[in-house]
Amino acid sequence: MGARVPKLLAGVIVVAVAVVIVVAVVTRGQEAGPLTTPWGEPDLQGIWTTEFDTPLQRAARFGTRELYTEEERVQLDQERAELLGRDRRVERGSELDVAGAYGSVFMSMKRTGRRTSLVVDPPNGRLPDVTPEQRERAAADRAFRIDLLRSTQTCKSGSTACAGGTYDATPSPRREEALARYNTARMNRHFSPEDGSLGDRCLSGGLPGFGGAYGGNFRRIVQTPGGVSIFYDIDQGQAFQRNIVMNGRPHLPATVRQWFGDSRGRWEGDTLVIDVTNFSPKWDYMGARENLHLIEKWRRTGPVTLEYEVTVEDPTVWTRPWTMREEFTRQNEKENRIYYEPRCHEGNYGFPSLLLSARLAEKAYAEGKGPHPATKDNATDFVGVEDNPLAR
Amino acid sequence: MRKMLLVAVLAGAVGAAVSMYVTRTTTSGQTTRPARVEGRPNFSGIWQANNEAHWDLQAHEARAGAVTQEGAYPFEYARVAAAPVVALGAAGGVPASLGVVQGDGQIPYTAEALAIRKANAENWIDRDPELKCYLPGIPRAMYMPYPFEITQSTNKIHFGYAFAVTARTVHLDEVDPPPAETWMGHSVGRWDGDTLVVTVSDFNDKTWFDRAGNFHSEALTLTERFTLITPDVIDYEVTIEDPKVFTRPWTIAMPLYRRLEPNMQLLEYRCTDIAEEFMYGNLRRKPLVTRWEGETMIVDITRKVPPGDRFYEWFRK
């Protein structure tokens, strides 16, 4: 015990000295790193995260302006702080309140970043128009999902989750239909594991890797001469790793599809450019599937910063390619600020429970002991999500 | 400023290129790579064990399946394939091996642990975490029948595994321990001459060593030794300590081979959805397997012969 105090003190002194040295550039948790590897390639290594919240699309009032003023950031943070802890639950005791129990305590909220939007191209910071075929596909998909809700309290109560649909006490005959494409989102039907959303099945982490409101937003890059690998923890308990193929060989044959695509990288000056194709039709990024094509650009912009830019292309979904940009900050190596073992799948009791409860509800109904399963909503969550000042 | 940086980068690249090519280079695997990284042997590339350790670390003869049942005889050697693997025929059997356990070839279990290991083997389908696509743990991930890729830097070495698309980082620099116990362990490395020595700790008790039910507790610590014996072969040796399960430390050893195909790259084996039918198939509204009793599993298989199948008809003559 006696020996422990000086040790602690020594620790404090070391930290104090370190702070004096790096305080000009680095805030707590961050750590500067070299810009070039010992073997002369640009150095992208370390643990990187985004410390700020940035909306995907820019609010119209900012026009073509990419960055907020400092005053605007302070103002937005104030408005957002007021929403923290606000009760956004729907009526207590209702079906929808079960999901609403995931309150603002569960959601992480970070300070507003510099960028008015992740989207930097088109210049207005808004997603380009979708193609007519995608609009049709999305509308048909939505109509199907709404139809599965039509006999539930959600539609009867006029919830926004039923927007576009009307209540009908008779369960939809469409309940027996197979979807036109592989399901990736929640629906009010749990006939099979494939009816589950990718999130419920622990399959939702993927590219492009910006991370989200739940769970991690970390990536570790390790380089070797001629090689780059990235480990991701960017979603609720779902991690993955990728090895960038840097030998100039062409992409995989079209018959080989992967959840995380096929990454081919090259150095262009100080930028790592990665071309990603061969995505699986089971993966969905905003409607894009096997035709998704990403061009990622990774570039160091300072001792603690790394710029990540990704151009998203899929002519079957969008009328033009579009680009997002974000700056990541380098995290302390000793503190090892990344969680390597997001164990969504290893601890997934929720998903089999969803399936089992669906079977029990069917059994109860068949025995005349319960309501028709289609009259219960087992799909909707986060209704009544508050208005977001970053999207206003 | 940008220009100066670029000049520095180029100068560095030229310098590095010169030092690269005075040493042996290898074009196998992913990229042309130097034989050494900052003075250390370069383990970067795609590797795979080529043995039967994933079935059983210990010496064993071939058997009819990973799950077997008594046939006409009560003898252990006369057991026949059981329901879950019978449909796979000879592809479902377990190949023989001389084992990878060093010394007397025995795993020094305590008496209590040996009973658990036996029960694990008998309940393999329900208990083996590999079947559920859970994180495989170390050392198992090193000799599963899937490739893995090493990306070796100066302060960190990344191991990326095809199985479960998972990874571990070997820390060569100072690092804090993990916030909780782990499936893949906490790996801290150092150089002993040209040998990479990695101590792995902070495990949970949920991973196994193989498909034979060999297991450990959360007290497991590993000392791995990686030594290049040729540019394309690593001598891999692991000393396993776990005083709650074993009476003494024991060691396994095997070569790891470089995947030499010129177009080799690590392809993902994201088994989360691959394991779904196994884990949740019994919860389908219309089960694809009609009888299924998990824990411990009973599966009924109906053999459907296509009408007019000439081999079936021939056998029936």
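Start by selecting A:Phe351, A:Leu354, A:Leu355 and A:Ala358, the buried residues of helix 6 of chain A. "Buried" here stands for 20 or more other C-beta atoms within 10 Å of a residue's own, "exposed" for 12 or fewer, and "partly exposed" for anything in between, with C-beta atoms placed from the backbone. Look down the axis of helix 6 of chain A: its buried residues fall within an arc of 95°, so they line one face of the helix. That arc is taken over the directions from the helix axis to the C-beta atoms.

Before moving on, a word on what you have open: this is a predicted model, in which local features need pLDDT of at least 70 and side-chain atom pairs count only at pLDDT 80 or more, while totals for chains, interfaces and linings use all residues. Residues are numbered from 1 along each chain as its sequence is written, and chains are lettered from A and ligands numbered from 1 in the order in which they are written. Helices (H or I, at least four residues) and strands (E, at least two) are DSSP runs, numbered from the N terminus.

**Stop 1: the rest of helix 6, chain A**

Select residues 350-366 of chain A to show the whole helix, 17 residues reaching 24 Å from first C-alpha to last. This is close to the expected 24 Å at 1.5 Å a residue, a span worked out as 1.5 Å times one less than the number of residues. Now colour A:Gly350, A:Ser353, A:Leu360 and A:Lys363, the exposed residues on the face turned away from the buried side. Just after the helix comes A:Gly368, with a positive phi near 70°.

**Stop 2: where the chains meet**

What do the buried residues of helix 6 of chain A pack against? Show residues 276-280 of chain B: they form helix 6 of that chain, and this is the partner. Zoom out and you will find 48 residues of chain A in contact with 53 residues of chain B, contact being C-beta atoms, placed from the backbone, within 7 Å. Helix 6 of chain A gives the most to its chain's side of this meeting, with five residues.

**Stop 3: the largest nonpolar core**

Next, select B:Leu57, B:Ala141, B:Phe159, B:Tyr161, B:Phe163, B:Ala164 and B:Met254, which touch the most other members of the 89-residue core. Strand 6 of chain A (residues 227-235) gives the most to this core, with five residues. A core here is a set of buried Ala, Val, Leu, Ile, Met, Phe, Trp, Tyr and Cys residues joined through C-beta atoms within 7 Å. Centre on B:Ala164: leaving aside neighbours within four places in sequence, B:Ala164 is in contact with B:Cys133, B:Leu135, B:Pro136 and B:Cys271.

**Stop 4: the barrel in chain B**

Nine strands of chain B close into a barrel with mixed pairing, in the order 5-8-9-10-11-12-13-14-15. Strands pair if DSSP finds at least two bridges between them. Pick out strand 9 (residues 156-161) and strand 10 (residues 167-171) of chain B, which run antiparallel and are joined by five bridges. Along them, B:Gly160 stands opposite B:Ala167.

**Stop 5: three strands of chain A**

Finish with strand 10 (residues 293-302) and strand 11 (residues 305-313) of chain A, antiparallel over nine bridges. The hairpin joining them passes through two residues, and A:Leu294 has A:Val312 as its bridge partner. Then add strand 12 (residues 322-331) of chain A, antiparallel to strand 11 over eight bridges; here A:Val310 stands opposite A:Met324.

Note on methods
Contact = placed C-beta atoms within 7 Å.
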